[in-house]
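These are my notebook entries from a session with one model. I wrote them down in the order in which I looked things up.

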There are 2 protein chains.
Amino acid sequence: MSTPLLQAETAPSGGGGALVEKLQTIAPLPKGDRDALAALSADAREMGARRNIIREGDRPDHVHLIVQGWAARYKLLPDGARQITAFLIPGDFCDLHITVLREMDHSIATLTRAKVAYIPRERMEALTARPDVARAFWWATLVDEAVLRSWIVNIGRRDAYEAIGHLMCELYMRMKNVGLTRDHSYELPLTQEEVGDALGLTPVHVNRVLQRMRSEGLIRFARGALTIHDYHRLEQASGFNPNYLHIDQKV
Amino acid sequence: MSTPLLQAETAPSGGGGALVEKLQTIAPLPKGDRDALAALSADAREMGARRNIIREGDRPDHVHLIVQGWAARYKLLPDGARQITAFLIPGDFCDLHITVLREMDHSIATLTRAKVAYIPRERMEALTARPDVARAFWWATLVDEAVLRSWIVNIGRRDAYEAIGHLMCELYMRMKNVGLTRDHSYELPLTQEEVGDALGLTPVHVNRVLQRMRSEGLIRFARGALTIHDYHRLEQASGFNPNYLHIDQKV
DNA sequence: CCGTATGACTAACATAGGTTAGTGGCAGTC
DNA sequence: GACTGCCACTAACCTATGTTAGTCATACGG
C-alpha cells in the first residue's frame, strides 16, 4: 500500500472537478459554462513527480491546468538556492495569460505525480468569450496576486513558527474550497525542504518548528498528510485572516 | 529651497504622461487610445505625503492611478509591524480590477506628496473596450504579479545587501521605463525605515548596508535621490535579472 | 529664532535561524 | 534481502540580523 499522493478522485461538484468548484466560489456558473470548463480536465496528461511543466524562458502557446496532484512555481538563484513562489493544487492554472507576455520568468514543476491538462490558445479564447467565465478567470488571477502579497508578509514579517502555521491555514482553506479536505485534514505532500523553500527557511529549522507544533498538540504532519488538531489556535498563533482569499465562506 | 519630492513634470511622451509611456512598452498604441489614456491624468487630485488612498476593507467604486509622486501598498500586522508589498510610481494603477473582488485586502498610502487620478468604473469600461488598451492593462497586471514573485525571492533567499541592491535595480528600471531617470540617478524618496518595511529588515540594518554600499563607492543615496555609480556591479552583486519586468529594452 | 519632529546614524548586546555533519528509517529495486 | 536514495530528524556551533537606546542634523511651524 503506497502513500496516497494523489487527491481523491471524487470531485464533489459532480464531475466538474476542482476547477469548476473553485470558479463557482464567487457565483454559480450556467450549465453551459460548467460543462465547457469540466471538459478541460477530460484529457489531462499523467506526469511523474518532480518534473518540469514549464521552464523559465519557455514560450508556451497553450495553457496548463493542474487537474490532480501538486505543483510549484519556483525560481532558482545562481548559487543554487530555490525559492518557491506558489503551490498549485487541483483547479489552479499555471500560466493563464502567458500569451500576453513574451516568455516565462520562472519555472513550474510537479511535486507529486499529477494530471496536467494542456489547453490550446484557441480553446482558451473560446472560454473567455463567455462573460461569466471571463469574470471568474479574473477573480482567480486577482486571488493569485493576493496570495503572493500574503506570502511577502509571511516571509518578511512573521517568524518561522507563524509563517509555517500561516501556510498551513492558507492551504487548508484553498483545499477546502475545492473539496479536498476532510474535517481538518488534507493531503499535504510536501517535504520539509519544500516548505523551507517556500518560506525562505532551511529544512533544519522547518523541522525544529514542526517538532514544536507537534509537541504542543497543534498538528499531525506525516506521510504526506496534515491534520490540524486545533484550527482556531493555529489561526490565532499565525495571524491568519482568510479575507485575502476572497472566498466569503465559513470555516 | 525644498527637496524635490515630486517627479519631473515634463512627461517625455509629449503630454501623455507616465501611463502612456508605460503602456507602450510592449507595443505602440493608436493615437485615439493614447489620448484617452492621457486624459485620465488631467484632473488628478493633489494629496499630501503619508495619506491613505484606500484602506483594507474599503469597497471603492472607482480606480486610482498614480500620476505623480510615490505610494506604497502595505499590510499591518497585529503587533504593529508593517510590510510593504509594492511601491507605486507614476503610471501605476492602485486597484485596476477591484470591482471583481468584494473588498480591499490591503491598504495603499502615498509616501510623498502625490497626484492621484480617480477614474469612475464606467470610464474604465470604456477604456477596456479598446482592444489594445485592454491588452496593455493585462500586460501591466501580469508584470505587477511578476514583481511580487520577484520580491518573494528577494526577501526569502537573498541577504540584506543583495536585497537592497536588487530593489534599487528594479526601481531604476521601472523609473527608466516611464522616463523618470537621468543617467543612473532617480528620485527615490524612501526613508530607510520604508526600505526596511519592504524587505523585512529593521531600519538599523538597512542603514548598516547602505553605509557599506556607500563606502564601496557603489551608490549615493541622500535627500530622496539615488545615484548608482556602478550599475553593472550593483546588478551583479544583487543577482538582478530584469527579464521579469518584461520590458525588452537595453539598460 | 526657538521648539519640535523626523530621520540618519551608531554602539553594545541578544537571538532566530543558518551551517555542517551527521544517524536512522523506510520504500523501491534488482 | 541487500542496496540505494530520499527524507526526517538531531546536535553543536556560527552569524546575519534584530533590539534597545541613544546622538545629531535638518526642516518646519509658530
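**Entry 1. Surface near DNA strand D.** I sorted the residues near DNA strand D by class and got 5 nonpolar, 8 polar and 2 charged. This is a predicted model, so I read every value here as computed. Which residues come nearest to strand D? Of the 15 residues around it, Q192(A), D159(B), A160(B), V204(B) and H205(B) do. I then looked up the elements behind this surface. At least two residues each come from α6 (192–199) and α7 of chain A and from α7 of chain B. The most, 4 residues, is given by α7(A).

**Entry 2. Surface near DNA strand C.** I repeated the lookup for the other strand. DNA strand C has 15 residues around it, and D159(A), A160(A), V204(A), H205(A) and Q192(B) come nearest. Which helix gives the most to this surface? I found α7(B), with 4 residues. The elements that supply at least two residues each are α7 (203–215) of chain A, and α6 (192–199) and α7 (203–215) of chain B. By class I noted 5 nonpolar, 8 polar and 2 charged residues near strand C.

**Entry 3. How the two chains are related.** I superposed chain A on chain B next. A rotation of 180 degrees does it, with 0.0 Å of shift along the axis and an RMSD of 0.0 Å. I wrote this down as the relation of a two-fold axis.

**Entry 4. The contact between the chains.** How many residues of each chain take part? I found 33 residues of chain A in contact with 33 residues of chain B. On the chain A side, β5 (82–88) and α4 (131–157) are the elements that give two or more residues. The largest share, 14 residues, comes from α4(A). The chain A side divides into 16 nonpolar, 9 polar and 8 charged residues. I also checked whether the copies use matching surfaces. Of the interface residues of chain A, 100% are also interface residues in chain B, so the copies meet through the same surface.

**Entry 5. A helix pair in chain B.** I went back to α7(B), which gives 4 residues to the surface near strand C, and looked up its packing against α5(B). Helix α5 of chain B covers residues 160–177, and its axis lies 10 Å from that of α7(B). At what angle do α5(B) and α7(B) pack? I read about 75 degrees. The two helices are therefore roughly perpendicular to each other. From α5(B), the residues in this contact are A160(B), Y161(B) and I164(B). They meet H205(B), V206(B), V209(B) and R212(B) of α7(B). The contact holds 5 nonpolar residues, 1 polar and 1 charged. Two of its members also turned up in Entry 1: A160(B) and H205(B) are among the residues that come nearest to strand D.

**Entry 6. Positive phi outside glycine.** I looked up two arginines last. R50(A) has a phi near 60 degrees, a positive value in a residue other than glycine. Where is it? R50(A) is in the loop between β1 (45–47) and β2 (52–54) of chain A. Is R50(A) buried or exposed? It is exposed, with 12 other C-beta atoms within 10 Å. R223(B) is not a glycine either, and its phi is positive at about 50 degrees. I found R223(B) in the loop between β10 (219–222) and β11 (225–228) of chain B. R223(B) has 10 other C-beta atoms within 10 Å and is exposed.

Terms used. Residues are numbered from 1 along each chain as its sequence is written. Chains are lettered from A and ligands numbered from 1 in the order in which they are written. This is a predicted model: local features need pLDDT of at least 70, side-chain atom pairs count only at pLDDT 80 or more; totals for chains, interfaces and linings use all residues. Two residues are in contact if their C-beta atoms, placed from the backbone, lie within 7 Å. Ala, Val, Leu, Ile, Met, Phe, Trp, Tyr, Cys and Pro count as nonpolar, Asp, Glu, Lys and Arg as charged, and the others, Gly among them, as polar. A residue is buried if 20 or more other C-beta atoms lie within 10 Å of its own, exposed if 12 or fewer, and partly exposed in between; C-beta atoms are placed from the backbone. A residue is near a molecule or strand if its C-beta atom, placed from the backbone, lies within 6 Å of it. Axes are lines fitted to C-alpha atoms, for helices over the stretch in contact, and angles run from 0 to 180 degrees between N-to-C directions. Angles under 35 degrees count as roughly parallel, over 145 as roughly antiparallel, 65 to 115 as roughly perpendicular and the rest as oblique. Copies are superposed by least squares on the C-alpha atoms of residues with pLDDT of at least 70 in both.
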